Amino acid sequence: MWRAVVSQPLDRTQTLPELGDLDEELGEFWTGNAFAMPGNGDNLSAYERNRLFLNKGDGGSFLDASFASGVDIDSDSRTVVAADFDRDGRPDLLVGSVGGGSLRLFLNRHASASARLAVELQDANGNPAGSGCRVILEHGNETIVRDMFATNSCLGQAPADLLVGVGSATQIDKLTVRWPDGTREVHQAVPVNGRCLVRRGQQSVSFTEVPGWYLEEDGTESR
């Protein structure tokens, strides 16, 4: 790990004192002036095992699934993109590393009985991917809120789409899209376990069921 703080970015001579204790056994060091790091030979590469945490859905606690998932590689990783790369309804991880590391794709093979819905937005008025929209899904007593935007990480960008797990829902009772200009559109009784295309200004959505998206509790695909 490293710690560097730059104050007054227009003054490259600015130097800050050490702000706390360092753990040298973990490789921590202090650099008071980040612009001096190349000349000092400071190395920012940190080969630490990656970590993956699963939201337990109980209001704030997480499960450490690093080892079980296989993503805990010992590498100087900088980029991670979460997306459904193989289009099987489960989010995968694309991890990029530096210092000789390769680009690795971790496919999600976790069996889940949770229903899911992929939402795609289209706006013919200059926003074809629906970036900046807010999508609200309501089923039973549950309300799920998602914002549509292409998530960025270091030198990486996720696609602008939404894949939402909806538990035991058999349909989305109400799907609301709030477009960036504040306009709201509401669609009723949207099916799950497939792809839902919402085109701005149309009264109904286009839904395509994807066979095998729903998994039984024993991990077998539904038919």
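**Exercise 1. Confidence**

What pLDDT does the protein chain average, and what share of the residues score at least 70?

*Solution.* This is a predicted model, where local features need pLDDT of at least 70, side-chain atom pairs count only at pLDDT 80 or more, and totals for chains, interfaces and linings use all residues. Residues are numbered from 1 along each chain as its sequence is written, and side-chain values use heavy atoms, leaving out hydrogens and water.

Step one: pLDDT is the predictor's confidence in each residue, from 0 to 100. The protein chain averages 83, and 87% of the residues score at least 70.

Step two: look for the weak spot. Over residues 1–8 pLDDT stays under 50. Where pLDDT is low, the predicted coordinates should not be read in detail.

**Exercise 2. The sheet**

Find the order of the four strands in the open sheet, then its edges.

*Solution.* Strands are DSSP E runs of at least two residues, numbered from the N terminus, and two of them pair if DSSP finds at least two bridges between them.

Step one: the order reads β15-β10-β18-β19, with mixed pairing.

Step two: β15 and β19 (206–209) are the edges, because each has a single partner strand.

Step three: zoom in on β10 and β15, which run antiparallel and are joined by five bridges. Here Leu-117 sits opposite Val-164 in β15.

**Exercise 3. The nonpolar core**

Which strands each supply at least two residues of the largest nonpolar core?

*Solution.* A nonpolar core is a set of buried Ala, Val, Leu, Ile, Met, Phe, Trp, Tyr and Cys residues joined through side-chain atoms within 4.5 Å; buried means under 20% relative accessible area (1.4 Å probe, protein chains only).

Step one: this core has 21 residues, and those touching the most other members include Leu-117, Leu-121 and Leu-175.

Step two: the strands are β10 (115–122), β11 (134–139), β15 (162–167), β16 (171–178) and β18 (194–199). The largest share, four residues, comes from β10.

Step three: follow Leu-175. Beyond four places in sequence, its contacts (heavy atoms within 4.5 Å) include Leu-117, Leu-137, His-187 and Val-198.

**Exercise 4. A serine in β8**

Is Ser-97 buried or exposed?

*Solution.* Step one: Ser-97 belongs to strand β8 (residues 92–97). Its relative accessibility is 12%, so Ser-97 counts as buried.

Step two: check its neighbours. Not counting residues up to four places away in sequence, Ser-97 touches Ser-75, Asp-76, Ser-77, Arg-78, Ser-102 and Arg-104.

Step three: pick out the side-chain link. Ser-97 and Ser-77 share a polar contact of 2.9 Å between their side chains.

Technical notes: Buried < 20%, exposed > 50% of the residue type's maximum accessible area, 1.4 Å probe, protein only. Polar contact = N/O pair within 3.5 Å; in protein donor to acceptor, adjacent residues only side chain to side chain.
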